[in-house]
Amino acid sequence: MAENSSETSSSVHRRCVAHSSAERNTSAGVGASKWIRLNVGGTYFLTTRQTLCRDPKSFLYRLSQADPELDSDKDETGAYLIDRDPTYFGPVLNYLRHGKLVLNRDLAEEGVLEEAEFYNITSLIKLIKDKIRERDCKTSQVPVKHVYRVLQCQEEELTQMVSTMSDGWKFEQLVSIGSSYNYGNEDQAEFLCVVSKELHNQSYGTNSEPSEKAKVSV
């Protein structure tokens, strides 16, 4: 009887150990399935299945759910292959993680918008379009600036000077500074001619410099 009792206890112990080991293996398998590895343009990203499922209509949701209608390949490491720019994928993935759009200064909103549209993340598309619209609106509201120049000329040169001004220069004011010297038997009056030009605002609020000076033919 003692031997049978010993055998029974040993058998129960083996079953308990096997059951515990199976539970650990099952838990490990579940934990591993939560993580998804992506190879975007040669750069690897590691994220959770929950993150990629933020937008049920997105490409990444279908990828994480192994949609049979989605033609997707994996590399030798098991990472999903996505032929897109990894630089702009980072902000897209971070948006799915915490719901905020964070961009470095060297990244253009249009680049992230292109990726958001590819992955079909509707809320991010709307957010970026609003930011672009707001940026463009601020740029268009920058007041027009002018640059002024003062040119000195003789009386007989006035007509020719005004007619030969180019590149957007406009006549503003003429100031007489008196006679300077005799030319033959007549005094030649001198004038200061004030001209101006608009500085047209370019994108992102920067101003263009005038490319040429007002031309005066003597």
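Aromatic pairs, then. A search of the whole structure, which is a predicted model, finds five of them. Take the pair of Phe59 and Phe118. The ring centres are 5.7 Å apart and the planes meet at 50 degrees, a tilted arrangement. This pair links distant parts of the chain. Phe59 belongs to helix 3, residues 59-64, and Phe118 to helix 5; 59 residues separate the two.

How buried are these two rings? Phe59 has 19% relative accessibility, and the cut-off for buried is under 20%, so Phe59 counts as buried. Phe118 has 36%, so that residue counts as partly exposed.

Phe59 has another partner in helix 5. The rings of Phe59 and Tyr119 have centres 6.0 Å apart, with 50 degrees between the planes, so this pair is tilted too. Again the pair links distant parts of the chain: Phe59 in helix 3 and Tyr119 in helix 5 are 60 residues apart. Is Tyr119 buried or exposed? Buried, because its relative accessible area is 0%.

Now put the rings together. Ring pairs link Phe45, Phe59, Phe89, Phe118 and Tyr119 into a cluster. Look for Phe118 once more, because a charge comes in here: the charged end of Arg84 sits over the Phe118 ring, 4.0 Å from the ring centre. There is another case elsewhere. The charged end of Arg37 sits over the ring of Tyr44, at 4.2 Å from the centre.

On to helix 5 itself, residues 109-119. Its buried residues are Glu109, Gly111, Val112, Leu113, Glu115, Ala116 and Tyr119. Just past the helix comes Asn120, with a positive phi of about 60 degrees.

Which residue does the side chain of Glu110 contact? Arg135: a polar contact of 2.7 Å joins the two side chains. Arg135 lies in helix 6, residues 122-140. With a relative accessibility of 17%, Arg135 counts as buried.

Next, helix 4, residues 86-98. The helix has 13 residues and spans 19 Å from first C-alpha to last. That is close to the 18 Å expected at 1.5 Å a residue. The N-terminal end is capped by Asp85. A side-chain oxygen of Asp85 lies 2.9 Å from the backbone nitrogen of Thr87. Just after the helix, Gly99 takes a positive phi of about 80 degrees. The buried residues in helix 4 are Tyr88, Phe89, Gly90, Pro91, Val92, Leu93, Tyr95 and Leu96. Phe89 is one you have heard already, as a member of the ring cluster.

Last stop, the strands. Strand 1 covers residues 35-40 and strand 2 covers residues 43-48. How do strand 1 and strand 2 pair, parallel or antiparallel? Antiparallel, over six bridges. They form a hairpin with two residues between them. In the turn, Gly41 has a positive phi of about 60 degrees. Strand 1 also pairs with strand 3, residues 80-82. Here the sense is parallel, over three bridges.

Val40 is the residue to pick out on screen. In strand 2, its bridge partner is Thr43. In strand 3, Val40 stands opposite Ile82.

To recap. Phe59 in helix 3 pairs with Phe118 and with Tyr119. Arg84 puts its charged end over Phe118. Arg135 and Glu110 are joined through their side chains. Strand 1 pairs with strand 2 and with strand 3.

Key. Residues numbered from 1 in each chain as written. Predicted model: local features only at pLDDT ≥ 70, side-chain atom pairs only at ≥ 80, totals over all residues. Heavy atoms only, no water. Buried < 20%, exposed > 50% of the residue type's maximum accessible area, 1.4 Å probe, protein only. Helix = DSSP H or I, 4+ residues; strand = E, 2+ residues; numbered from the N terminus. Phe/Tyr/Trp six-rings, centres within 6.5 Å; stacked < 30°, edge-to-face > 60°. Lys NZ or Arg CZ within 6 Å of the ring centre and 35° of its normal. Pairing = 2+ DSSP bridges. Polar contact = N/O pair within 3.5 Å; in protein donor to acceptor, adjacent residues only side chain to side chain. Expected span 1.5 Å × (residues − 1).
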